[in-house]
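Student: Hey, can you help me look through this structure? I'd like to go piece by piece.

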There are 4 protein chains.
Amino acid sequence: MKKGVMRPGHIQIRVLDMDEALKHYRDVMGLIEVDRQGDKAFLKAWTEVDKYSIILREADEAGMDFFSFKVVDEATLDSLRQDLINYGLQVTDKPAGDLPDCGRRVQFDLPTGHTIELFATKEQTGKWGVSNRNPEAWPLKLSGMRINRFDHCLLYGDDIDGVLDIFENVLGFKLAEEAVEPDGNKIALFLTCSMKEHDIAFIRQPMKDKFHHVSFILDSWDDVLKAADIISMTDTPIDIGPTRHGLTHGETIYFFDPSGNRNEVFCGGSYTYPDHPTITWDAEQLGKAVFYHARELNERFLTVVT
Amino acid sequence: MKKGVMRPGHIQIRVLDMDEALKHYRDVMGLIEVDRQGDKAFLKAWTEVDKYSIILREADEAGMDFFSFKVVDEATLDSLRQDLINYGLQVTDKPAGDLPDCGRRVQFDLPTGHTIELFATKEQTGKWGVSNRNPEAWPLKLSGMRINRFDHCLLYGDDIDGVLDIFENVLGFKLAEEAVEPDGNKIALFLTCSMKEHDIAFIRQPMKDKFHHVSFILDSWDDVLKAADIISMTDTPIDIGPTRHGLTHGETIYFFDPSGNRNEVFCGGSYTYPDHPTITWDAEQLGKAVFYHARELNERFLTVVT
Amino acid sequence: MKKGVMRPGHIQIRVLDMDEALKHYRDVMGLIEVDRQGDKAFLKAWTEVDKYSIILREADEAGMDFFSFKVVDEATLDSLRQDLINYGLQVTDKPAGDLPDCGRRVQFDLPTGHTIELFATKEQTGKWGVSNRNPEAWPLKLSGMRINRFDHCLLYGDDIDGVLDIFENVLGFKLAEEAVEPDGNKIALFLTCSMKEHDIAFIRQPMKDKFHHVSFILDSWDDVLKAADIISMTDTPIDIGPTRHGLTHGETIYFFDPSGNRNEVFCGGSYTYPDHPTITWDAEQLGKAVFYHARELNERFLTVVT
Amino acid sequence: MKKGVMRPGHIQIRVLDMDEALKHYRDVMGLIEVDRQGDKAFLKAWTEVDKYSIILREADEAGMDFFSFKVVDEATLDSLRQDLINYGLQVTDKPAGDLPDCGRRVQFDLPTGHTIELFATKEQTGKWGVSNRNPEAWPLKLSGMRINRFDHCLLYGDDIDGVLDIFENVLGFKLAEEAVEPDGNKIALFLTCSMKEHDIAFIRQPMKDKFHHVSFILDSWDDVLKAADIISMTDTPIDIGPTRHGLTHGETIYFFDPSGNRNEVFCGGSYTYPDHPTITWDAEQLGKAVFYHARELNERFLTVVT
């Protein structure tokens, strides 16, 4: 949080059919639906203090509209906005209320074509189902996969060197982990503004603005198993897992929403501090870096991208 | 245990190189080596009271020599021997001491070509590392995958109807689970002489005397994860997992020893009693029956058989 | 199952207020209510194939009315009935239908004053929420503590030597574990008719017909934690745990129903076979034998007995 | 990390007998001994990148000498040093090398009498047993309790309002959780410079400079169970657990080193961000706040303090 970017604040995901999408995100995964306006639904996971973190937008094509970070305060938002402009990026100002119960947002596009936002203010409705006073360990009414928190996303794009420069030098992120080719060319970036091994990640692919997955953290490896069971019981398409990643060492499952957007639920994994060296994975070990147990990529890893 | 067959007593597995095999079964998996004689090594898991359960024999070809059940006493061994003969099977009597510290064994071949044994007596050295008096929860020196117990094997062969008849009607086993084709033809048998969902299992394939895997039970899903990690750390070839089976609902990993014999470590799973109906899986659901999360067989499931 | 006794079939527990009791056993613990007749409610856990296993009876005093074992068939029930009579016990025949959907029961009293029953027939409604054909891993609608199965009870009484003689020599049980005083006097019996370390247990106390706890098995140590959390969230009185027992090595919590009857949920633990020696705990280690981590009894262990 | 304090860097603990202490911290708990100099031993947990985090000093009395935070760089150390002086605190400068392989340290005393340090530089030997390049998930040689990381300490003292003022206003910490009396008087402070619910904690007691416990984080609730088992197997005095805390919601065991210093191993628990409101526990719920399952303090919680 060197420059005041706190955490992933929300993501807007395009879904082909809102009813089907809600059956998935709300009923199967167990996210809490907190609002519905026009073509959008707003959801959150129970430990989040802000009103929402997941925006589903009904559209003709799956994928991600934008990914937003919450910064510590409005003054920080001003200064980061100016830093982005000084860097040469074009920013778009979205006024307060453009998203419900959310303050103004500063949007800009990465060299990979992805739209990123910063904002400082959102209505705080508090953790769902527990109080700030003598809180219980978790809400008794928790259902589905018992998702703890919206965690990060992984994006595919071409100019990830340009992305790295912006995240490191403008937004104050750290490169926690990377995958590199023998010539030093980076092919994967795991970027953090916190102790988490990734708040956002990129893999180099010859494409613009592609969305690999949105990820949610669970409490335990036992919850990963139960999530995998729920995936099977509900005929939800699975991609891979349960398994562990090499990169970050988190324990994971990949699966798909009804529109073809990839989701991840995971637990555990490494942590980082500013003085920790970047962890490097060699490209020839990419199979193990991504799927630590199978030690090879599955075909879908590179081909199903919305 | 309707007719006095208690449990899997030992299995003799052929390995191509004993040193490599011991690195795998003893050092990586953590089984305890208790004896070595000639071309054979003898191992056990820590909760087993008998001296050994795994016999590795150095040979030119991988696979299984025989699978043996321990029966409650010598009188039961006599009567089961006679029942086998009455059924029309040819039995071979192996004298006490033919296997070290093991009483006489009654061998016979199944219609699938597999050699099965019965025996009643083996030296009881007790659980490894804990006493029968005020026992600790587990031995502090436990290492590797922390394997609890030798559990079962899965065999491939043609005439599994013949196999079922012998196990049910001569040996007093129960068909706990099965997979069936639309015409009722059985293609998988999970047979038990206990509360366990399988003490031995068969899958119908047009081949004789093939060995699919030997299986060991772990204490927890957490130990399954650590076993998968150890598999990766030691460059042990993995087949699939961590995942859950549909059949038996156990939580599992398949991997290979250096000779190509498939191993399983698993935990959990269902239980059965004599009055429980047989659980049936339809052939068209075989993918889910075998690998509950992926819901499809991997190619190796049918092709790598030693 | 040497003489055909399969498993604990049901227990009848006295509760002071049925509504409060159902809030506890059904809503907090998550047992399934399957019937209500007169002053009784009938419940089961989801993996049980018989219609019910827990009978709650509204009464003026908490405690246990009787504990019943299911035997393999009616012929076995006949022969065990005769064996009990031959042993000198007075049996009471309860006709089919005396308990709803249950066949005839043979009741007798132990020297400790506890009433035990045998029966062979009860309506089989199958596992709750899953099919016998292509069964899912668990029912999606499972709630509360996710209890897998009714498992055993622990009773307090004086003449446990007399109890042991009946269970071993008439009913074919095995003494899996015991606690003994220096003079060899047995003070705790863990008796099994299966691979489980106990289907019923007794502790010697100078009293007649006392009920210490009824126990239910969970799938995992993670479920033990969640059960403990639920106990706190619902203001359910806890006794001790999460912890491990020395005896049986199961991982456990003790708590109380609204009438003061002690309940246990646990997971894991050892297994036994007929050729396993009895595990012995010395009386001076009773603290560790009962509560393996604290290594001392809490005061309630001996004083709260209904 | 508002003002550049990163994390707990090391703690110096007094032990009565170094050999006994090392048997405990190294052999039982599994910390890695990295150096021994004079009357001190230096240890670390495997994921830590700095050379050591635990200093054991042989002395006549148990307790804590000092607790040190690592800051992001030397310039930050300079400015925090000046801030402490400006606040009116007396600082003691310890030169580089005063602790082996550690840069200069700035020491000061809290109003509770505890000695706190800041430092920016320590030799980085990297994670133990894994590489920064294609790292395995954990070191195969990991032993004992499989401790992941030195995490925090809890201290007892009188003027915790004074402590809070320094941590919040000079060092940039956040009050993540607190316990308060009905009049608003704070009796417990859980202070963080990160996403962790506590990097250091205080409980108000009418005493100076008392040490309640040093805490280490484990990977999972399963590791908490195994740690509790190890505590019993090695006759290590236990205080309480396994259980969960209300404050922070971590899953925990308290136990004692041979000198009477209390240790904690725990896993899980909540996280915090700068915009999260402080979690408040009411004094009348202190039992549940500390031991969530038992919902009452044990006697030792207030009496055994070194």
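Tutor: Sure, what follows is a chat about some strands, helices and chains, and keep in mind that this is a predicted model.

Student: Cool. Let's start with the sheet in chain D. What's the order of its strands?

Tutor: The order is β14-β15-β16-β13-β9-β12-β11-β10-β17 in chain D. That makes nine strands in an open sheet, and the pairing is mixed.

Student: Which strands stand at the edges?

Tutor: β14 (238–244) and β17 (279–282) of chain D do. Each has a single partner strand, so one side of each has no neighbour in the sheet. From one strand to the next, the twist averages 15°.

Student: How do β13 and β16 of chain D run, parallel or antiparallel?

Tutor: Strand β13 (residues 210–217) and strand β16 (residues 262–267) of chain D run parallel, joined by four bridges. One pair to look for is D:F216 with its bridge partner D:V265 in β16(D).

Student: OK, switching to chain B. What does β10 pair with there?

Tutor: Among its partners is strand β11 (residues 186–192) of chain B, which runs antiparallel to β10(B) with six bridges between them. β10(B) also pairs with strand β17 (residues 279–282) of chain B, in the parallel sense, over four bridges.

Student: Which residues does B:E178 stand opposite?

Tutor: In β11(B), B:E178 stands opposite B:L189. In β17(B), B:E178 stands opposite B:T280.

Student: And what about the turn between β10(B) and β11(B)?

Tutor: Those two strands form a hairpin with five residues between them. In the turn, B:G184 has a positive phi of about 90°.

Student: How many residues of β10(B) are buried?

Tutor: Seven of its seven residues, which are 174–180 in chain B, so to speak the strand is mostly covered.

Student: Now a single residue. Where does A:A201 lie?

Tutor: A:A201 lies in strand β12 (residues 200–204) of chain A.

Student: Why does A:A201 count as buried?

Tutor: Because its relative accessible area is 0%, and buried means under 20%.

Student: What does A:A201 touch?

Tutor: Leaving out residues up to four places away in sequence, A:A201 touches A:C153, A:L154, A:L155, A:L189 and A:F190. You can also check A:L175: A:A201 and A:L175 are 26 residues apart in sequence and 9.5 Å apart in space, C-alpha to C-alpha.

Student: Helices next! How do α2 and α3 of chain D pack?

Tutor: Helix α2 (residues 74–87) and helix α3 (residues 160–170) of chain D pack at an angle of about 140°, with their axes 11 Å apart. They're therefore oblique to each other, and their crossing is right-handed.

Student: Which residues make the contact?

Tutor: From α2(D), D:L80, D:D83, D:L84 and D:Y87 take part. From α3(D), the contact is made by D:G162, D:D165, D:I166 and D:V170.

Student: What about α4 in chains B and D?

Tutor: Helix α4 (residues 221–233) of chain B packs with helix α4 (residues 221–233) of chain D at an angle of about 100°, with their axes 9 Å apart. That makes α4(B) roughly perpendicular to α4(D). Here B:D222, B:D223 and B:K226 meet D:D222, D:D223 and D:K226.

Student: Last one: what turn lays chain C on chain B?

Tutor: A turn of 180°, with a shift of 0.0 Å along the axis and an RMSD of 0.0 Å. That's the relation of a two-fold axis. The same surface serves both copies, as 100% of the contact residues of chain C recur in chain B.

Terms used
Residues are numbered from 1 along each chain as its sequence is written. Chains are lettered from A and ligands numbered from 1 in the order in which they are written. This is a predicted model: local features need pLDDT of at least 70, side-chain atom pairs count only at pLDDT 80 or more; totals for chains, interfaces and linings use all residues. Side-chain values use heavy atoms; hydrogens and water are left out. Buried means under 20% relative accessible area, exposed over 50%, partly exposed in between (1.4 Å probe, protein chains only). Two strands pair if DSSP finds at least two bridges between them. Contact means heavy atoms within 4.5 Å. Copies are superposed by least squares on the C-alpha atoms of residues with pLDDT of at least 70 in both. Axes are lines fitted to C-alpha atoms, for helices over the stretch in contact, and angles run from 0 to 180 degrees between N-to-C directions. Angles under 35 degrees count as roughly parallel, over 145 as roughly antiparallel, 65 to 115 as roughly perpendicular and the rest as oblique. A crossing is left-handed if the near helix is turned anticlockwise from the far one by less than a right angle, and right-handed if clockwise.
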